[in-house]
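Subject: Structure handover and findings

Dear colleague,

I am passing on the structure we spoke about, and below it you will find an account of what came out of the analysis. Please read the text with the model open beside it.

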Amino acid sequence: FHAFILTLCCSLPTVWAAPGEPALNPLQLNQPIERSLSKNEAHSYTLTLAANQYAYVVADQRGIDVVVAIYGPDGAKIVQVDSPNYNLGLESLSFVAGNAGQYRLEVRGTSSKTGRYEVRLEQLRTATQEDQSRFTAQKLYEEAKALRDKRRVESYLQAVEKYEAALKIWRALNDELRLAFALHEVGWIYGDIGQ
């Protein structure tokens with residue numbers, strides 16, 4: 001009987017969280033998950049990664065704007081993405097694990113209405129230098145957005161420095177979409193401060 005229970009528990013596809021918290025779903029390579037989501041609702045997925053492993057996750061927004069974030073084994077947020085594409089298209093997150101362990105991916109709705117999204121783990125491999133550069137640029141971009149959101153002249157100028165550092169990396173990677181996103185943000189800042 002005990003062997004049966006152990007076998008049953010090990011074969012369940014859901015990772016159970018602490019009491020009072022929702023269950024976490026494992027995110028597996030090339031196995032997309034489609035779900036419905038409403039404003040301020042969040043869904044969490046687990047990723048078990050080795051040290052220096054690269055993960056590329058895409059959330060396809062289908063009528064709802066989402067923010068995608070990754071949290072480390074210690075529960076601290078590492079990076080999040082929220083491109084200026086509102087509820088259209090993809091939110092993609094590049095990540096290099098610093099340590100081996102279980103990471104949590106969160107997809108949170110920010111639109112005022114309910115919509116659907118599909119999340120998928122598209123790449124999982126030992127990180128290359130290019131992967132590390134992409135992760136660094138993504139972090140710079142999100143740090144710049146946080147500074148921009150403070151809406152002070154000094155924080156705007158600090159944000160521009162971080163956007164420009166990200167731009168340099170994305171130019172080297174020939175990532176035209178992220179170049180466009182960052183240039184859009186820099187232009188928005190200069191317009192806001194009258195330059």
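A residue is called buried here when its relative accessible area is under 20%. By that cut-off, nine of the ten residues of β4 are buried, so the strand is mostly covered. Please keep in mind throughout that this is a predicted model.

To set the scene, the protein chain contains four helices and nine strands, and, read along the sequence, these follow the pattern α-β-β-β-β-β-β-β-β-β-α-α-α. Of the 195 residues in the protein chain, 42% are buried. Among contacts with a separation of 6 or more, 74% are between residues 24 or more positions apart.

Strands

β4, which covers residues 53–62, is joined to two other strands. Ten bridges link β4 to β9, with the two strands running antiparallel, and in this pairing Val-58 stands opposite Arg-120 of β9. Nine bridges link β4 to β7, again in an antiparallel arrangement, and there Asp-60 faces Leu-90 of β7.

There is also an open sheet of five strands, in the order β1-β3-β8-β5-β6, whose pairing is mixed. β1 (25–26) and β6 stand at its edges with a single partner strand each, so one side of each of these two strands is left without a neighbour in the sheet. Within this sheet, β5 (residues 66–71) and β8 (residues 101–109) pair in the antiparallel sense over six bridges, and Ile-70 has Leu-105 in β8 as its bridge partner.

Helix α2 and the loop residue Leu-173

Helix α2 runs over residues 129–148, and its 20 residues reach 28 Å from the first C-alpha to the last, which is close to the 28 Å expected at 1.5 Å a residue. Its buried residues include Arg-134, Phe-135, Gln-138, Leu-140, Tyr-141, Glu-142, Lys-145 and Arg-148. What covers the buried residues of α2 includes the strands β4, β6 (77–81), β7 (88–96) and β9 (115–126), together with the helices α3 (153–172) and α4 (176–192).

Leu-173 lies in the loop between α3 and α4. Is this residue buried or exposed? Leu-173 has a relative accessible area of 16%, which is under the 20% cut-off, and therefore it counts as buried. Setting aside residues up to four places away in sequence, Leu-173 touches Glu-130, Ser-133 and Arg-134. Leu-173 and Arg-134 are 39 residues apart in sequence, while their C-alpha atoms are 7.8 Å apart in space.

Pockets and cavity

As these may matter most for your own work, I list the linings in some detail.

The largest pocket holds about 230 Å³ of space. Its lining consists of Asp-65, Asp-82, Ser-83, Pro-84, Tyr-86, Lys-145, Arg-148, Arg-151, His-184, Glu-185 and Trp-188. The elements that give two or more residues to this lining are α2 and α4, and α4 supplies the largest share, with three residues. Sorted by class, the lining of the largest pocket has three nonpolar, two polar and six charged residues.

The second largest pocket holds about 160 Å³. Ten residues line this pocket, and Leu-24, Gly-72, Gln-102, Tyr-103 and Arg-104 are the ones nearest its centre. β8 gives the most to the lining, with three residues, and the classes are four nonpolar, four polar and two charged.

How many cavities of 30 Å³ or more does the count come to? The count comes to one cavity, with about 100 Å³ of space in it. The residues lining the cavity are Val-81, Asp-82, Ser-83, Ser-92, Gln-138, Tyr-141, Glu-142, Trp-170, Arg-178 and Phe-181. Here too, α2 and α4 are the elements that give two or more residues, although in the cavity α2 gives the most, with three. By class, the cavity lining has four nonpolar, three polar and three charged residues.

Two cross-references may help when you inspect the model. Asp-82 and Ser-83 appear in the lining of the largest pocket and also in that of the cavity. Helix α2 has Lys-145 and Arg-148 among its buried residues, and both of these also line the largest pocket.

With best regards

Notes. Residues are numbered from 1 along each chain as its sequence is written. This is a predicted model: local features need pLDDT of at least 70, side-chain atom pairs count only at pLDDT 80 or more; totals for chains, interfaces and linings use all residues. Side-chain values use heavy atoms; hydrogens and water are left out. The expected span of a helix is 1.5 Å times one less than its number of residues. Buried means under 20% relative accessible area, exposed over 50%, partly exposed in between (1.4 Å probe, protein chains only). Contact means heavy atoms within 4.5 Å. Two strands pair if DSSP finds at least two bridges between them. On a 1 Å grid over the protein atoms alone, a cavity is a set of points where a 1.4 Å probe fits but cannot get out, and a pocket is an open set with protein on both sides within 12 Å along at least five of seven lines; lining residues have an atom within 4 Å of a point. Grid points are joined across faces, edges and corners, and a volume is the space filled by probe spheres set on the points. Ala, Val, Leu, Ile, Met, Phe, Trp, Tyr, Cys and Pro count as nonpolar, Asp, Glu, Lys and Arg as charged, and the others, Gly among them, as polar.
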